[in-house]
Amino acid sequence: MATVIAYVDGFNLYHGLHDKYGRRYLWLDLGRLVQRLRPSDHVVAVRYFTALVRDDASALARQRTYLDALSARSGTVEIILGRYQTKTLACRQCGSVWTSYEEKETDVNIAVSIVADAAATASEIALIISADSDLCPAIRTARSLNSGRGIIAAFPPRRSSFELRSLIRGAFTIAAVDLRNSLLPDTVSDPATGRVHKRPSKWR
């Protein structure tokens with residue numbers, strides 16, 4: 001039995017799930033999913049990297065409910081927040097101006113965590129749930145620091161990376177059966193506070 005730390009790219013996972021299945025699998029128990037992907041190993045931690053939604057109160061409320069449910073459900077899930085940066089864009093042809101949002105810090109947070117855990121020999125295996133090729137330099141650095149640590153990539157649905165596949169042997173796409181069997185209960189109670197977190201009606 002090997003020890004595992006999982007690194008979950010929330011942005012990459014969310015959009016892969018949404019593009020393939022709509023909202024059906026967004027209420028996902030990340031701890032349970034990682035254990036299904038590595039059934040013979042001991043999951044030490046699941047680090048979930050995301051950023052809070054901006055300028056959409058209902059979407060933010062759903063996201064906060066999910067984060068609270070994750071925290072209440074599993075002691076292995078650690079939530080690491082980045083941020084969204086506002087960008088003002090303009091059309092060169094018509095002059096129209098609009099606001100866009102760019103997720104910041106998530107890639108860096110994942111990369112720093114992968115490298116730091118490799119240096120600290122925090123686990124025997126790193127499971128990276130992402131198809132973002134920007135993580136390749138961090139993976140190379142982690143290997144140079146700890147060549148004995150196994151690194152595995154699990155791609156979200158409809159996400160892939162030639163660079164990651166070239167770097168990591170055996171990279172694979174997460175199967176629908178693993179998602180379907182890794183959902184949180186519709187109602188999650190926090191044993192510490194007594195609060196109840198219900199699956200958003202839009203996420204069904």
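1. Starting with the inside: the largest nonpolar core has 35 residues, and L28, L30, Y66, L127 and I129 touch the most other members. A nonpolar core here is a set of buried Ala, Val, Leu, Ile, Met, Phe, Trp, Tyr and Cys residues joined through side-chain atoms within 4.5 Å. Buried means under 20% relative accessible area, exposed over 50%, and partly exposed in between (1.4 Å probe, protein chains only). Two or more residues each come from β1 (3-9), α1 (10-21), α2 (30-37), β2 (42-50), α3 (57-73), β6 and β7. The biggest giver is α3, with five residues. Helices (H or I, at least four residues) and strands (E, at least two) are DSSP runs, numbered from the N terminus.

2. A word on provenance before going on. This is a predicted model, where local features need pLDDT of at least 70 and side-chain atom pairs count only at pLDDT 80 or more, while totals for chains, interfaces and linings use all residues. Residues are numbered from 1 along each chain as its sequence is written, and side-chain values use heavy atoms, with hydrogens and water left out.

3. Back to the core, and to L30. Leaving aside residues up to four places away in sequence, L30 touches V8, L13, V46, Y48, Y66 and L70; contact means heavy atoms within 4.5 Å. Apart from this core lies another, of 22 residues, including I5, Y7, A126 and A142.

4. Now the sheet. Six strands make an open sheet with parallel pairing, in the order β3-β2-β1-β6-β7-β8. The edges are β3 (77-81) and β8, each of which pairs on one side only. Two strands count as paired if DSSP finds at least two bridges between them. As a reminder, strands of a sheet pair through backbone hydrogen bonds, either parallel or antiparallel.

5. At the β3 edge, β2 and β3 pair in the parallel sense over five bridges. R47 has E78 as its bridge partner in β3, and Y48 has I79. The chain gets from β2 to β3 through α3, in a right-handed β-α-β crossover. Right-handed means that, with the strands pointing away from the viewer, the path from the first strand over the helix to the second runs clockwise. That helix, α3, lies across β2 and β3 and runs at about 165° to β2. Axes are lines fitted to C-alpha atoms (for helices, over the stretch in contact), and angles run from 0 to 180 degrees between N-to-C directions.

6. On the other side, have a look at β7 (residues 150-155), where five of the six residues are buried. Strand β6 (residues 125-129) pairs with β7 in the parallel sense over five bridges, and A153 in β7 is the bridge partner of I128. The route from β6 to β7 goes through helix α5 (residues 136-145), and this β-α-β crossover is right-handed. Next comes β8 (residues 172-173), which pairs with β7 in the parallel sense over two bridges; F172 in β8 is the bridge partner of A154. Together with helix α6 (residues 162-167), β7 and β8 make a right-handed β-α-β unit.

7. Two loop residues deserve a check on backbone geometry. D55, in the loop between β2 and α3, has a positive phi of about 60° although it is not a glycine. D55 counts as exposed because its relative accessibility is 62%. T121 sits in the loop between α4 (106-119) and β6, and it too is a non-glycine with a positive phi, about 50°. At 56% relative accessibility, T121 is likewise exposed.

8. Helix α5 also holds T141, which is partly exposed, with a relative accessible area of 36%. T141 and S71 are 70 residues apart in sequence, and their C-alpha atoms are 30 Å apart in space.

9. Finally, the whole chain. The secondary structure comes to seven helices and ten strands. The C-alpha atoms fill a box of roughly 55 × 45 × 30 Å along the principal axes. The radius of gyration is 18 Å, which agrees with the value near 17 Å for a compact globule of 204 residues; it is taken over C-alpha atoms, and the globule rule is 2.2 Å times the number of residues to the power 0.38. Of the 204 residues, 46% count as buried. Among contacts between residues at least 6 apart in sequence, 72% join residues at least 24 apart.
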